[in-house]
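Student: I would like a close look at one part of this structure, with its surroundings traced step by step. Please start from a single side chain and work outwards.

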Amino acid sequence: DKNGIEIEEFDLLKVFHFIGARKKKHYMYKWVKKVNDKLVCFHLNGEDKYFTLLALKNENFEIIQSKNWKKLR
C-alpha cells in the first residue's frame with residue numbers, strides 16, 4: 001500500500017475513487033481475497049465482480065484493517 005505495508009488476504013483497503021465538489025476526496029472500500037492464487041479486491045457488498053491488485057497504483061490505496069493488526073502500527 002502507500003505506507004509500504006505488504007497486502008495479505010482479508011485486509012480491508014481504502015481506495016481513492018474521485019474528487020467531487022469543493023475538492024472533497026471520495027473513497028471506495030474493498031476487501032482482499034485469494035482467487036486462483038492471486039490477491040484480488042472485492043466490493044464490500046459481496047458482488048462477484050473483482051479486480052486484481054496489479055490494476056491499482058500503490059499511492060491510491062491503504063490498508064485500514066487487517067487480521068494481522070500488529071503490522072498496521
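**Around the tyrosine ring**

Tutor: Y27 has a relative accessible area of 34%, so this residue is partly exposed, since that class runs between 20% and 50%. Keep in mind as we go that the model is predicted.

Let us begin with the ring itself. Searching the whole structure for aromatic pairs turns up one. Its members are F16 and Y27: the ring centres are 6.1 Å apart and the planes meet at 80°, which makes the pair edge-to-face, because planes over 60 degrees apart fall in that class. This contact joins distant parts of the chain, with F16 in strand 1 and Y27 in strand 2 (residues 25-35), eleven residues apart. F16, like its partner, counts as partly exposed, because its relative accessibility is 29%.

Y27 has a second neighbour to look at. K14 lies over the face of the Y27 ring, 4.4 Å from the ring centre. The side chain of K14 also meets that of E62 in a salt bridge, with 3.9 Å from N to O. Here too distant parts of the chain are linked: K14 belongs to strand 1 and E62 to strand 5, 48 residues apart. Following E62 onwards leads to K2, which forms a salt bridge with E62 whose closest N and O atoms are 3.8 Å apart. K2 sits in the segment before strand 1, 60 residues from E62 in strand 5. The count of salt bridges comes to two, and K2, K14 and E62 are linked by them in a network.

Strands 1 and 5 come up again in the nonpolar interior. The largest nonpolar core has eight residues: I5, I7, L13, V15, V32, C41, F61 and I63. Two elements give two or more residues to this core, namely strand 1 (12-19) and strand 5 (61-65). One of the core residues, I7, is found in the segment before strand 1. I7 is buried because its relative accessible area is 14%, under the 20% cut-off. I7 and V32 are 25 residues apart along the chain, and their C-alpha atoms are separated by 8.2 Å.

Two backbone positions on either side of strand 1 deserve a glance. Most residues other than glycine have a negative phi. F10 has a positive phi, near 75°, and its place is in the segment before strand 1. With 46% relative accessibility, F10 counts as partly exposed. R22 also has a positive phi, near 55°, and is found in the loop between strand 1 and strand 2. R22 counts as exposed because its relative accessibility is 83%.

Finally, a word on confidence. The protein has a mean pLDDT of 79, with 71% of its residues at 70 or more. Confidence is highest in strand 1, at a mean of 88, and lowest in strand 4 (residues 50-52), at 60. For the part you asked about, then, strand 1 supplies F16 to the aromatic pair and K14 to the salt bridge with E62.

Key. Residues numbered from 1 in each chain as written. Heavy atoms only, no water. Core = buried A, V, L, I, M, F, W, Y, C linked by side-chain atoms within 4.5 Å. Buried < 20%, exposed > 50% of the residue type's maximum accessible area, 1.4 Å probe, protein only. Helix = DSSP H or I, 4+ residues; strand = E, 2+ residues; numbered from the N terminus. Phe/Tyr/Trp six-rings, centres within 6.5 Å; stacked < 30°, edge-to-face > 60°. Lys NZ or Arg CZ within 6 Å of the ring centre and 35° of its normal. pLDDT = per-residue confidence, 0-100. Salt bridge = Lys/Arg side-chain N within 4 Å of Asp/Glu carboxyl O.
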